[in-house]
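Subject: Structure handover

Hi,

Here is the structure I promised you. Please open it and follow along with the notes below.

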Amino acid sequence: MATRQTLPVLPLRGTVIFPGLTAPIAAGRPGTLRAIESALKGDRLVFAVAQRDNTDEPAPEILYSMGVIARIGQIQRGLGGVQLLLQGEQRATSLQYTTGDGFLSAVVMPTEEMAPLAENDAAFEALHKECRERAAELGEKRGLPEEVVHQVLDSVEEPGRFADLVAGYIELTVPEKQSLLETLSVEERLRRVLVHVQRQIGMLEAQEEIKSQVQEELGERQREMFLREQMKAIQKELGDDDQSREVDELREKLSKLELPKEARVEVERELGRLERTSRESMEAQVIRTYLEWIAELPWNNRSDDQLDLNRAAEVLDEDHYGLQDVKDRVLEYLAVRQLRARQLAEEVTKTGEFPAFKVKPPKEDATPSLAGDDDRPITDAREAKARAMAKGPILLFVGPPGVGKTSIAKSIARSLGREYVRVSLGGARDEADIRGHRRTYVGAMPGRVIQGMKQAGTKNPVFLLDEVDKLGVSFQGDPSAALLEVLDPAQNDSFTDHYLGVPFDLSEVLFIATANFMQNIPGPLLDRMEMVEFSGYTEREKAEIAKKYLIPRQLEENGLGDKGVTFTDEAVASVVANYTRESGVRQLERQVGAVCRKVARRVASGEDGILSDLKIDAAEVRELLGRPKVHPERAAEQNEVGIATGMYYTPVGGDIMFVEASIRRREAPLSTEDGETPSRQQAGPMSLILTGQLGDVMKESARAALTYATNNAGRLGIPAHRLEGAMEAHIHVPAGAIPKDGPSAGIAIATALVSEMSGRPVRRDVAMTGEITLRGRVLPIGGLKEKVLGAHRAGIRHIVLPLENEADIEDVPEEVRKQLRFHPVSMLSDVLAIALADGSEAEDGVEEEVPAIAG
């Protein structure tokens, strides 16, 4: 029967002793040395138990409860401690640890094994035999002599002792060995030992296979190096040593790039062809050019984004006035990237690692090579951050010329801290402009996208595709179709240029496209971009831009930066109103530059009073620039019958136009000086003449207006005699040399006709826009903001617009809205109630029952 006994404790670090095994132990800790001395004074027994960690001062709580009663054998004392042999005798469990006389003692109870239930169990015997065979196999694979292995294993017959013997010699961690020590069932312990043995056999076999592969690969590389050296010697004798040196330089340069797998394979193939090709041949030059293009592209070079929202806002405001919608969109993009960066940082803090992305492993071979696997998960913080935040918006800036679409793209790049690349697509008619030419053609080169990436030098620039609406189509292909892949975030991570023939990642590029006319962009291409509309500047905005940006720049460029030359507000307003007619500010800057050049000439000629501190006022502008060059339409001087004020919109901005109507008895067909007859359309008793270069849509609007007026003559107050007999209505829109079209003049034409037929004058301070139907409904139109700005410049104070365009009033600048009254209408009767006045009515009188919105 097992009895308790108190033994000195020998704490073990990094090892576990099994019963039946003898193990050398080095002891140097004071407590351990005292425990050994205490055991030597008695029966030389100690309780050898493993520590849970490697603490120098073991405490009872870090010791396992089960250990081995061991006997101290030989002992050798030294300066730093003692060396001794421990012979494990029996498993034991500590019932209590105590501390006394400077060392740990334990009250231990020997623990018995659990033998198999049946002595001749076939399954147990098979397990025992399999464990012996696998243990012998493991010993042989470790390089031990076969006879030694069998001698050691055959020396132990009892299964439990055999399991302990194998467990003591195989490489296991302390917790795994402790688990085997605490397994009292002999059958279960044998089973666990067999699992560990099989695992180590598999590991050794894998190591042998890897070693064999490495040796085979090293042999191939050594053979390749030997052949290359021979080839170099032959080439040197033939005078081709320069080509060999050039190939080596290219190979070394390409080996430093982190190329995708497809690109590496293609580059290796082309390098091999270059080595086998004569240096002077045309093919060698083509291959060399191709490899140089590959080497100069930014495969993994990127610039760090500056995610400071405040700084970005300062940069955008510093470079551009207004354009708040565009600036907001850029700051939103920055805010999203900033939040993504924070999420990535939190993930790294939580998990301690970056998200896994596949890239190629580094090369450390003596001979530069591009071959290799592509399955290394990246651990570089910068690249992991870039991959996690790669996707970005693809913006389309649409607006008239000169409003800052191209220049703000450069400011966006500066605010982000990225490189800026601009590619003009105006007039491009060949698909190869985008995708490049295949290398089979003479003079082939990559497309403009890859050329731009090479110019940028980084893989995440701000890439401006200018004038994307000016793309053409020819028999050589449609470049807009080639752009579909470039501007699709789901595809552009593997954009393949025809010249390169391998995928190139464009997913980190911030693409910005610009256009003047959205309707000229194909639908599928437009669907891939997020549109940001640029509208024309108001006169006040132009004046502010001139004072903050244009005037200082022109003064500096013309050598007047230090001469104290200033412009008064009246001078700036005069240049804007009398010498420019545009939505943007290009013409304004040219006129400011003209003033500065003329002043510079006077300063350089030394005219008295012009040497410094010159203040340019409106009169000075008139003297320097001459008579006004722009004569915009102004509101009529008085209310007139048959003349209504409409509004129109062009790429250079909005303005007003007059629609004139006249009714008369039908006569012989009119003829013009060149023999052509104006457009005359028969309408029963009343025909319609249209002049002023009106388009088909505008003619249809006039026809609808005439039909509505004649069908509703009684309700509109049109006398019956105005419709009797052979009558004809003549509609004319001045500026006949300019073609005009569109449905938005419908209510203006109808108002002019009704005014002429009824004899009621049209108010001069009312301008209108809207499409008309035969039932008198007023339908919505586009370009309201530009039309309202043009009407405001012309002196109009009341705007009649379709009810469905009421929400568009918010787009009109606040300073303009405050000076106008808006009248949303849904029926032509509402338009006539506002626009037509009695002869005795004051100019500013508007019927109170008609709803109006004060700006």
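Start with the charges that sit over rings. In this predicted model, R132 lies over the face of F162. The distance from R132 to the ring centre is 4.2 Å. Now look at W293. Its ring has the charged end of K454 over it, 4.1 Å from the centre.

Next come the rings that pair with each other. How many aromatic pairs does a search of the whole structure find? The search finds four. Two of them are described here.

One of the four is W299 with F504. Their centres are 5.0 Å apart. The planes meet at 65°, and the pair is edge-to-face, because an angle over 60 degrees counts as such. This pair links distant parts of the chain. W299 is in the loop between helix 9 (282-296) and helix 10 (309-319). F504 is in strand 13 (residues 503-504). The two residues are 205 residues apart.

Are these two rings buried or exposed? W299 has 6% relative accessibility, so it counts as buried. F504 has a relative accessible area of 1%, so F504 is buried too.

Another pair is F463 with F511. This one is tilted, with 45° between the planes and 5.5 Å centre to centre. Where do the partners lie? F463 is in strand 11 (residues 462-466), and F511 is in strand 14 (residues 510-515). The pair therefore ties together parts that are 48 residues apart in sequence. Both F463 and F511 are buried.

Best wishes

Definitions and conventions
Residues are numbered from 1 along each chain as its sequence is written. This is a predicted model: local features need pLDDT of at least 70, side-chain atom pairs count only at pLDDT 80 or more; totals for chains, interfaces and linings use all residues. Side-chain values use heavy atoms; hydrogens and water are left out. Rings of Phe, Tyr and Trp (its six-membered ring) pair if their centres lie within 6.5 Å; planes under 30 degrees apart count as stacked, over 60 as edge-to-face and the rest as tilted. Helices (H or I, at least four residues) and strands (E, at least two) are DSSP runs, numbered from the N terminus. Buried means under 20% relative accessible area, exposed over 50%, partly exposed in between (1.4 Å probe, protein chains only). A charge sits over a ring if NZ of Lys or CZ of Arg is within 6 Å of the ring centre and within 35 degrees of the ring normal.
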